[in-house]
Amino acid sequence: MAQKPTIPKGTRDFNAGEVAKRSYIIDTIKEQFKLFGFEPIETPSFENSDTLMGKYGDEGDRLIFKILNSGEYLKKLSNDDFESKSESVFTPKISEKALRYDLTVPFARYVVQHQNEIAFPFKRYQIQPVWRADRPQKGRFREFYQCDADVVGSTSLLQEVELIQLYDAVFSELKLEGVAIKINNRKILSGIAELIGAKDKLIDFTVALDKLDKIGEEKVKAEMRRKGIQEDGISKLEPLFNLTGNFSEQIDKLKSILTTSEIGLKGIEELEFINETISSIGIKTARLQLDVTLARGLNYYTGAIFEVSAPEGVKMGSIGGGGRYDDLTGIFGLNDVSGVGISFGLDRIYLVLEELNLFPEAIKETTKVIFISFGEQEALVSLQAVSKLRDCGVKAELYPDAVTSGKQMKKQMNYANKRNIPYVVLVGEEELKNESFALKNMVSGEQINMSLSALIEALS
RNA sequence: GUGGUUGUAGCUCAGUUGGUUAGAGCGUCGGUUUGUGGUACCGAAAGUCGCCGGUUCGAGCCCGGUCUUCCACCCCA
């Protein structure tokens, strides 16, 4: 019985048209990465589990694809291991490798491992797939591409400024106008947590706060209470829920809230610098927005946090994210190296461009001309012409199977038609005799006999 | 991990309260047309109704499980 072939949940095949569109996005991003001085690296699709585990929080650990050990791994287990029924005990004993979950942690590992070869500040970009054992839904896959640009070895806030420009440059280039680059600062969140006496509950606090625009003020407060944050602390958040005005007005209000928090004020100072610098150099089509509720993302961020959302009206999760991490290489033994980076979510950007019909027509690249195949003699002459055309940069090919009847002719024409090949050349008995080529325009149906040089002229 | 949803021909989908031989459009293949595609007309092939089990005289339809799709939650690009 033939089994029905399927692909795993959350994965996809891409046809030629889809690949062309994906390449268009990737090429655009890559071009801007290079323009900003980033250099490419690649890392393996799987890492040692130790490298990944514990870097993304408990939820992240759950979503990491683990790779089963090879060999007779069960024989090495003790009865206690089986009895434990505990994933945290059992899993490490049968799995020592895992598929990468993002590009930032493998990058940190790379930096530490190659620190002596690297010139700091090190600016790298990386475009590779990542895997998450998540349940698929809109814009969410188990295999998807991230396009990352990071700088390590510089604490300068000018890096943040440049990364904002980079976001703006890429989305402007993709004609995706009006994206919102939301920015926040972990230090401000720490400051607020300190202020409300929830310093030890920073993650719980930020996760709850992040949901503000989705579930509303009351539910956020309820969640904070549930997580054990004191009522008098929550009441101090009141001004935060009503934070309005433009970037600098919001900054001013935050200043008055966080007067007693050293770390909070530091965060404000950073944001202020970034905003002022961006204002003075300007951005093209994106909008930079301060969003104090922005907290999602990895818990290794220590300074700026970025998130990019699609233009208004497009229902899609974030299409990019990033931030500054002061200590990521520290985990792997290299201290005092600060990094900051951003990521583009290729697959989501694709969906957004598709929804807004923003893919240019020109990216549908196909063969420009196909030669109809009649017989051995004709094929030889055709192949010579095909070679010359290719030398001139014309995408040309010969249909491989010869015409043996009128049906075959029809079949070959049909083939050209279906592949949207705009020109067909016929070299049959007569053309062979006259040393001519019959060039047929598949759109107009017009057909002209000409010499080889005229053919090359016409097609290049 | 939680809740809901979907699955019938290659594709998009019909299929009545459970009742003979499961349909359509598109596509494919063949013909009208043996050196000319797209249009038209004629014809044909194509399905274990996701899979496993149950209820029933009888299941595409009802029930349970499982996989898959999509959506929401959690979390995230």
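Of the atoms of RNA strand B that lie within 4 Å of the protein in this predicted model, 47% belong to sugar or phosphate, and the rest belong to bases. The strand is surrounded by 45 residues, a residue being counted as near when one of its heavy atoms lies within 4 Å of the strand. Among these, K138, R140, R296, S318 and M442 are the closest. Sorted by class, the surface near RNA strand B holds 20 charged, 14 polar and 11 nonpolar residues; here Asp, Glu, Lys and Arg count as charged, Ala, Val, Leu, Ile, Met, Phe, Trp, Tyr, Cys and Pro as nonpolar, and the others, Gly among them, as polar.

Polar contacts, defined as pairs of N or O atoms within 3.5 Å, involve both bases and phosphate. A polar backbone atom of M442 is 2.4 Å from a base nitrogen of RNA strand B, and a polar side-chain atom of R348 lies 3.0 Å from a base oxygen. For K315, a side-chain N or O atom is 3.4 Å from a phosphate oxygen of the strand.

Helix 18 (406-418) contributes eight residues, the largest share of this surface. At least two residues each are also supplied by helix 3 (57-63), strand 6 (143-152) and helix 19 (429-434). Helices (H or I, at least four residues) and strands (E, at least two) are DSSP runs numbered from the N terminus.

Residues are numbered from 1 along each chain as its sequence is written, and chains are lettered from A in the order in which they are written. In this predicted model, local features need pLDDT of at least 70, side-chain atom pairs count only at pLDDT 80 or more, and totals for chains, interfaces and linings use all residues, while side-chain values use heavy atoms, with hydrogens and water left out.

Methods:
Polar contact = N/O pair within 3.5 Å; in protein donor to acceptor, adjacent residues only side chain to side chain.
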